[in-house]
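Me: I would like to learn how to read a few features of a protein model, taking the general idea before the particular case.

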Amino acid sequence: MRGTSSYFLGSALCALLPSTVNAFYLPGAAPHNYVQHDPVDVYVNALTPMLAGSDNSKLKSLINYDYYNPQFHFCTPEGGAQSQPESLGSILFGDRIFTSPYDIKMLEANGTCQMLCTAEIPGEDAKFINGRIREDYALNWLVDGLPAAEMKKDTKTGDLFFDMGFNLGNDDDDIPYLNNHYEIVLRYHESSPGVYRVVGVLVWPSSRGGSQGYESTPNCDVEVPKLGLSENETNNIRYTYRVTWDESDTPWATRWDNYLHIFDPRIHWFSLINSIVIVVFLCVMVAMILWRTVSRDISRYNAIDISEDVQEDWGWKLVHGEVFRAPRYPMVLSVMVGNGAQLCAMCAVTLVFALLGFLSPSNRGSLATVMMVCWTFFGGIGGYYSSRIYASLGGVNNRKNAFLTATILPTLVFIVMFLLNFFLLVAGSSGAVPFSTMLLIVVLWFGISAPLSSIGSYIGSRQGGVSHPVRVNQIPRQIPPAPRHLRPWASALLAGILPFGAAFVELYFVMSSLFASRAYYAFGFLALTAGVVALTSGTVTILFTYFNLCAEEYRWHWRAFLTGGGSAFWILAYGLFYWLSRLSLDSFSSVALYLGYLFLICLFDFIVTGTIGFLASYWAVRRLYSAIRVD
């Protein structure tokens, strides 16, 4: 996956107006000033698959390849390529940045065709390159923190924008042709006399056949046929490039505007308005139930006529002696709620950082880095919530609860990531996480997160469980048969439609960013959508919990968690639909990667929304039964 998913909105105002990002200075990155003849470094990143230009195109692979993979035979700088330092998030997203042999100096050699190198490509490696061309692989360069891009036009709005990355080759005629010439356009802005800043990087690759011998001054304007690689013999390839300097009025602070393009913002607004209508409708329903129905019931229950000896109960009042009975497997439930609270805090703080503009888009991988750091330092939140819920459910084995809260979910995620990393290694992908990075994550887990989780568990166990307004009967009450729509899996699927419906549009853009190398930066829309999903999950779970109690079904704890997390099942179904409609994966490694990442997405969604639903229902049940008088 490319690191393009780490681009953010610049300010909190973008939470309401994400499209108005112009003229805002993104903090966290300082401009690099050049004078004439200063070297302008070009860095190369991993090759990534990308969607072709047509609307019905499909992604054909999920494997990244190192730029200097020996099978590509790209030109290397003198003394060898030097790896550049990267953040934790950048490494996890698959970035592998190296120096390049391109010799570019500010405002020099304008429009001059230059020779880069020649290479010999054996037939076996030519077959490998042709396969990557057919899979629409793209080259990714970086100049002054800006990704090299191709200028394209949005067919719906007519706006010009920079599409990050450019094609390794093309197979428009069903024959793969390698691009061996690059027209590089560097846009610069003169901030003060004699001081220049790079504000745009455009690359137009082309395939140039003909003579491939070494020439000190090649001619890039002569018409030549395209260059195809033979898979049966050794191929001689000549790489050339030409740099054109283009002065621009775009200031350095807004140079990302051309890259951060929203495809049809009306879709985002429609999705957002639709989500808000859903959540308002649900909130009104919950308010009507709690205010009218419940208040009327409470008034009737409390208005006991002294002359009557017997008061007949009905509905949810019948199970007042059972509603706080401990559910089965309280340890598992409390551990899941604790981890869900930790993930909720991580997501909330990460979105706040993104909305306030503290994460610059030039700082690659900053999103994943902040998420990892927040998850690590919020271990205390997970331990605290888990221990208090566990105590509230009657649990007494606090040490086991603290241990499982700190280990069970990270261990599961680590196992899945280790298996996915194994598939990447087998496929020869540069996206495989290095052993040193895996070791760093384990150190963060054991050295920081686990101790903080233990401290949170200790504080939570010292405070004890939440007090319940009614006592639990000694003998459990019989439960009548529940209606079909209130059965656990039915209610989970029914309730999950609403949160999923509020987020499925943004989910498409997020998945396109993760899997299809599309930049996603509309975190204003994402933050509002996340808030709507949280409110929807909480309110719809309260509704189903109330319906269950009215049906005399007092085993609401697990049902509330399952109902709140019901959207995960719809995300899984949507992920499979996305696979069929937008992906065409031929290799087993790509299929395993996609299914593994989809499993993690659904797991995190299930835990987060299930936790929200459980805590919302717990609050509503306590408020409901604390308002009645029970003899």
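The dialogue below goes from the whole chain to two helices.

Reply: This is a predicted model, in which local features need pLDDT of at least 70 and side-chain atom pairs count only at pLDDT 80 or more, while totals for chains, interfaces and linings use all residues. Residues are numbered from 1 along each chain as its sequence is written, and side-chain values use heavy atoms, with hydrogens and water left out.

Me: How many helices and strands does the protein have, and what percentage of its residues is buried?

Reply: Helices (H or I, at least four residues) and strands (E, at least two) are DSSP runs, numbered from the N terminus; the protein has 13 of each. Buried means under 20% relative accessible area, exposed over 50%, and partly exposed in between (1.4 Å probe, protein chains only); by that rule, 54% of the 631 residues are buried.

Me: What span should helix α10 have, and is α10 mostly covered or uncovered?

Reply: The expected span of a helix is 1.5 Å times one less than its number of residues. For the 28 residues of α10 (residues 523–550) that gives 40 Å, which agrees with end C-alpha atoms 40 Å apart. The helix is mostly covered, with 20 of its 28 residues buried, and just after α10 E552 takes a positive phi of about 65 degrees.

Me: Where is V284, and is V284 buried or partly exposed?

Reply: V284 lies in helix α3 (residues 265–302) and is partly exposed, at a relative accessible area of 44%.
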